[in-house]
Structures are given as structure tokens and as C-alpha cells.
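The following note is offered to a colleague who is meeting this structure for the first time. Please read the numbered points alongside the sequence and the model.

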Amino acid sequence: MTRWTYVFGNGQADGKGSDKQLLGGKGANLAEMTRIGIPVPAGFTITTRCCADVTERGGQWPEDLWEQVLASLARIEELTGKRFGDAQDPLLVSVRSGAAVSMPGMMDTILNLGLCAATLPGLAAGGNDRFAWDSYRRLIQMMGDVVLGVDHELFEVLLEDAKRKAQVEIDADLSAAELEQLVGRYKTLVLSKTGAPFPDDPHEQLRAAISAVFNSWDNPRARTYRRLNDIRGLAGTAVNVQAMVFGNRGDTSATGVCFTRNPSTGENVFYGEFLQNAQGEDVVAGIRTPQPIDEIDAVLPGMLGQLLDIKQRLEQHYTDMQDIEFTVEDGQLFMLQTRSGKRTGSAAVRIAVEMVSEGLIDRPTAVRRVEPAALDQLLHPTFDSSAQRNVVSTGLPASPGAACGQAVFSATEAEEWAANGSDVILIRTETSPEDIGGMHVARGILTSRGGMTSHAAVVARGMGTCCVAGCGALIVESRERTATLGDTKISEGDWLSLDGSTGEVMLGRLPMVEPELAGDFATLMQWADEFRRLKVRTNADTPEDSVRARQFGAEGIGLCRTEHMFFGEDRIAAVRRMILADNDRQREAALLELLPLQRADFEGIFAAMDGLPVTIRLLDPPLHEFLPHALDQQQALAKTMGRDTETITKRVRDLSELNPMLGVRGCRLGILYPAIYDMQVRAIFEAAGRCESRGITVLPEIMIPLAGTREELAFLRERIEKQEAELRRDAGFSGPRLIGTMIEVPRAALTAGEIAEEADFFSFGTNDLTQMAMGLSRDDTGPVISHYIEHGIYERDPFASLDGTGVGRLVEIAAREGRERKSTLKVGVCGEHGGDPRSIAFFDAVDLDYVSCSPFRVPIARLAAAQATLARDAS
């Protein structure tokens, strides 16, 4: 018989902390906390394997599951001294989800199961009628929404109406009689929407709730969250059935969510919030704005000390910052959950570095612990402190950073606006898990309700998105697509600026300043550099980008795209004259105009990269990309050049191609129009000579693009070498140089041994290599790729993360066979895959020498390369 359930309670547990794949993160940690003596209400966990089995059966349970559930429930009854369904002293339970990887708020929870007409008086025994009716209305609302499919908003409308009639602001002020009336209205709503009365049998409630949690594994918001966070390979969610403890039993009860360190800044201070006389979902949902945790002793004397003791024990045990949920029932503290806390990029870095200094972890663990993508949050601008701020309100600084965008009032609108290229600020009364898509694309999030541990705050911090929550002055009218902040009206499309570090909400767009990368960030990067094997270069086309990349730790330039230099206003006219020339004399005259401009570009880049290699790709795109295609633009060009429009139009038409990616581009362009490459090579040597005369060390690497055969590369290399002696003499350059090629044609990868005879280096252009190897146009197949990912045909976008099985095989073959033919061959990658952590692990595994990526991804690549080396050494 397969074991489906694992019990925990009273210091003993069937499972342990290492059982996350089986028991989910929540179940494994509940068992582990129980084992180490933390006060945890008794319960049992149904395994993730059971969820997978139920899913495969189309929702049908294994035959013996209910029998095991009842047996485990009986053990909880023994541990608590209460019976499920008992009229005198009923055991009530919660049913919560819990996958192996934390997915906060994405799956379902139901509290107070077991309450019904028969058990309600027993719960109210002792004169606490209000508590009993409050617990019952919460059960009906949660179960009605999660299990029975009644819209959550319909319950909220009835609750708001009850508060309005009672003339109270919060639900905790409703009386027992008013809550009893509300329960009646809730039951009527359920009957009208489902055609059946609310379930009155505790066991029927429990079975339905467990099934609902199983089903929530595959709900749209959970699928979206897994896709956005690249969570794969999990069996399903575990289900945790746990004895209820009540934070809403009265003024000596409370509930809260805390972090053992500040999840926004990483500071080693206890950080969190609590609500008196409330249940845990009230804090997470953001329906009431909670109080800071350091004020809890004012209502529950001595409780802060107990929490700090548990905080210390959990951090020492797990050696990581923990996100904990607790409930106090009649003055007694219980822990309901612990997990590694979501944190911002800056917090992750600070926590990792400080835990090393505290002796909790070692340097390799610190390097492994910080997600490379999280560094992205540290590398982007913040608001200029000298700028005038038009602050219209202040909320809670729920997730740090700076954001400017146009106001939108629904997640759907946020996704639509973002898809059209707009920066948006998502404004909501409070966010819910259904908003995950809009939250993902928003530059910032602003809510009127909720605290520092609300859904909006937790999810935003995990995404690295700026968030201001609990802005009490904000009144949101979502249907009218407007909001007000005092006397200020905000309409859809209005520009706002949010400061997630101060909670300030400002009208208009504030200027930004570049980040400073020092302190803990510099320390972590130094450790990463000590461990990594791969070098990290940057893709940069301007001196400004080169300087920035070097500040981020780039060890050279892996790709300088010369075509980007041709589009400037001071040179596009000369480029077009060169393309439209009727003879060699006209073409050479245009190229002579471009020579000093190109030389100045290279000179600035060489100076910025003093002492580091610079790989310059000679002109790659087809010539027609530099010409205007609209008739009015062709007419204007003809007028400027003193030519007739018909001649210009015919030339554009002659150069146009049905499939430009496979047309006259790359080395083919250099072979057909050799004067273009001659000018670029001259500019490189002259710039190198000028820099060398200023004491700058120049290490140029001339890259010939798109070579598919040895003969193509040999033809162009020979042409460069024939001119080289004269070019060096005229330029006064004596330093080394390399000539290599970009491997982006599958044939080149498969004949790399031959091509290596003519190359000093290979640089894999994985963007085009992916297009050609997979038969996918990057510009045209976005919807196809999205559809494939959604239906499990592709695991991930092959243009974002390298297809290791196919394209990666080409990279591996080319690197190996190239080095077999020429042992000194330098091999790197310059596609954007060079900044993707998953791809970097592959490149490290096949022993490339370096990766190259955009400047802002250089620190990410440095950290990912270190993690790849550490993982490789550990295997």
C-alpha cells in the first residue's frame, strides 16, 4: 500500500525537513519545526505524489486515500484531545497547499473546516459567540469561493454592506448578532449560486477542501506563476491538514507574518506585522492594515521576546533568512509556517555577506544562495535625489526601487499596455493572486490596502518590482479607471512615480541616477570572481557602454557591432551614398567620409577597455537595411543626393531580399564589396595606433561574421593580412591582433576543424545559430514559441535560454573539433544567451573560455559563472 499521509505533532513527526519533494516545502518545514521543539499545531501532510496521482486520474482519489486521511485525523484527535465533528469541543482544521518550491498565494487555503450547525455551539462555549460566528462566516466565504465556485467579490459585497449598516470600519467590530445575520446571507448566496445548501457535514467539508487544493495546483494563476518563475519538474502540491489555532478568539489572540531579517534591505532586524483578533489570511490578503511587530507587546505583553527566541532558533537551524507565520490563541504562541523568505536583490546580497561574517554560512554557500537574476534590481537607476518631488501621498515602502509609469487599474490592462511598449503603474485596492500577470509586467505597484507582508508586497519583492502598499489616502475606482489621492485625481494614462524605499507617491516622471556598486555587492562579486572559471565580456558598441560594462566588471568586449555605428545622423548620409554609388570612385569617396568617424568610435572603445580584448565584428547586416523603404523618404533622399526618385527606388528594390537573414550579409557582403571591410580594418588599426601612442594597451580581435566555409574565412583573412604591414606602419601600431569568426551557421559548427585552420578564435553567435538550427525566425515565431511552452512542447524560449540538446550540441562539437585542430583557439559566445544563467552553466560545462552579454547583465553572468563552477566541482 502506498503511503499518502505523514503526521506531525507534540515533538514528533513522520517526515523531516529534507522531504520537500515528497511533503512540499510547508509540510517538510512543519515536520522539521516539530522535531526541533518549535510549538506547531498537530497535523498531517498528504504527499505531492498523491496530487500527481489524483491529477492523472482526472480528480479521482486513490482507493485508500480517504482511509489514510481518517486514520491521520484520528491521530490528531489523540494529540489535541478534541474530536472532529464533536458537538461539545470540536476539532477544527485548516487545509493548505504547499509545493516543493514556494508559490505564495498561488494555490488555495481553507480555514475552520468542521464548523457546522452541530459544532457551532461547542466552539462558542464559554460565552464567545462572536468568535464562533466570525469563524463560521470565514469558512463559508473561503469554501464558497475555493470549493463551490462562488465569486469572492459577492461575499465581500455582503460583508461591506453589513459593516455599513453596523456603522463600523473593520469586520472585527461586527457583533455576534450581526455576524449571525451575515452567515445567513452567506448561506443564501451559496444556495442561489450553486443550487445546493452549504455543506453541513464536517467530513464532507474536509474531503471537498482537500480535492480543491489538489485542483488548485493547475489553476491559471499557479500555472502563470510557475511559468514566470521557471518552476518545472514538480509532481504537484502537498496538502497540509492542521488543527486550527485561532487568532480571532479575542483581544488576547493575534496573527502575524514576520521575516527574521528585513526582506527589502537585508538588515538583521526582526521585521513583520500582526493583527489583533484576526486570522492569518487577513494579514496576507491585505484586507486590514496591520501593526508593526515591534508593537506587539503593547497588546500581548512578553510576546515579542518569545518570537525573537524562535527567530534566532530558526535562523541558526536553517542558516537562512526565514519567512514565518504565527498565531497567538489566548496568549499561547504557535508557528504555522517557516520557509526561506523572498527578498529583494539588495537584501539577498547583504544577507549572504553578513551571514558569512556571522559564521552561519561559508563563502561558496553565499555565492550559491543569491539568484543571479536578482542582481538586476541593483543595477538600474534610482530617482535623482536633487529632483523636485511632487509627493501627493505616502504609503508603506513594501518593495524598494524606483518606478515611473502610466496609471492602469487592472492586471489585464497592465498586460495590454505593456505589450504595446508602455511603462505602467498598476493601481489596485489590493492585489490578489489573479493579478500575477499584470504585476509581472508593471514597473511599479500601488495599493490602498495591505501591509508590508500583503500579497502585493511579497510578490513584488520576489519579482524585484517597486511597490507602495497600504496607501490609505488612495481611493480606487477600478470600473471608472480613476483614483483619488486627497484632492488629486488620477486617470488612466497619467504618469506617476513611485519610490518603493520611502513609500512616496509622486505625480509625473522623475529623473533617474545610475546605481553605485560597492559594499556588500562588491564583496559578493569578489567572491564570485574567485570561484568562476569562465571570463565575462560585454557586448558594447559605444565608449559609454564600454565604460559602464567595465564598471560592472567586464573583462573585455566580446561583440562590438559596427553596423550600429552607421545609423548616426552624422554618418547615415555617407553610408547611403556608399550604397547607392554608381562606381568605385563614388563608393570610395563615401567610405573616406566614414573612415574618421569609424576610427573615432574604435578609439573611444579601445581607451575604455585599456588592456582588455575588444572583438569587433565587421559589417554584418544586408545593405538595404540602411536605405529608406517608404516612398516619401526615398523622395527626400533623392532630393538630398541630387538624384531622381526612380533611380533610388530601383536601387532599393534591387537590394531588397525575400529572406535577408540568409542573403547578402556577413562575410558575403565583405567578399562582394571588399572596400567596406577594407575601410573598417583600416579604422581599427589607425585607432589602435593612436591609442598606443597615448600609452593605452590595445588588444583588437577582428571578427568576420557568418562564415560557413573555410574558404570564405580564408579569402577575407588573406585580404586583411596583405594590407596589415602597411596599415601597421601607417598607424604606428605594434600590438598583437587576432582574426576569427562568428560561428552562427550550422555548417560552420559541423566543419569547425577546417575553419579553425584560418581562425584565431571562435565566437558563437547563438541568436542566429538558434534561428538556423531550429528553423525559427526570432522576429516572427514569438506566438508559436509561447504556445509551445504553454503546451509543454518547449520547456522554455530557445532565444532566452540555450537549447542544450540541439543548438548546444553544435556548440560542443565546434568547440571540441576546433581545439583539436588548433590548441590555441580561443572560444567564446556573444549571443544574449551569454547573460542567461542556465545557458552559462552549459557553456561552463563544455569548457568555453568566455561569455559576452549586455553591460547590465555582466554582474549576473559573473555570479552565474561562479555558481556553474561550484556546481561542477561539487558533482
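1. In this predicted model, three strands form an open sheet in the order β21-β22-β23, and their pairing is antiparallel. The edge positions are held by β21 (474–477) and β23 (488–491); each has a single partner strand, so one side of each is left without a neighbour in the sheet. Direction ignored, neighbouring strands of this sheet are turned by 20 degrees against each other on average.

2. The pairing of β21 with β22 deserves a closer look. Strand β22 covers residues 482–485, and 4 bridges join it to β21 in an antiparallel arrangement. Within this pair, Val476 stands opposite Ala483 of β22. As general background, strands of a sheet pair through backbone hydrogen bonds, in either a parallel or an antiparallel manner.

3. A further point concerns strand β10, residues 271–276. Is this strand largely enclosed or open, and why? Of its 6 residues, 5 are buried, so β10 is largely enclosed by the rest of the structure. Buried here means under 20% relative accessible area.

4. Strand β10 pairs with strand β9 (residues 254–259) in the antiparallel sense, over 6 bridges. One bridge links Ala254 to its partner Gln276 in β10.

5. Strand β10 is also joined to strand β11 (residues 291–292); these two run antiparallel and share 2 bridges. Here Phe274 has Gln291 of β11 as its bridge partner.

6. In reading the model, the reader may wish to follow β10 from its pairing with β9 to its pairing with β11, and then to compare the sheet ordered β21-β22-β23.

Definitions and conventions
Residues are numbered from 1 along each chain as its sequence is written. This is a predicted model: local features need pLDDT of at least 70, side-chain atom pairs count only at pLDDT 80 or more; totals for chains, interfaces and linings use all residues. Side-chain values use heavy atoms; hydrogens and water are left out. Two strands pair if DSSP finds at least two bridges between them. Helices (H or I, at least four residues) and strands (E, at least two) are DSSP runs, numbered from the N terminus. Axes are lines fitted to C-alpha atoms, for helices over the stretch in contact, and angles run from 0 to 180 degrees between N-to-C directions. Buried means under 20% relative accessible area, exposed over 50%, partly exposed in between (1.4 Å probe, protein chains only).
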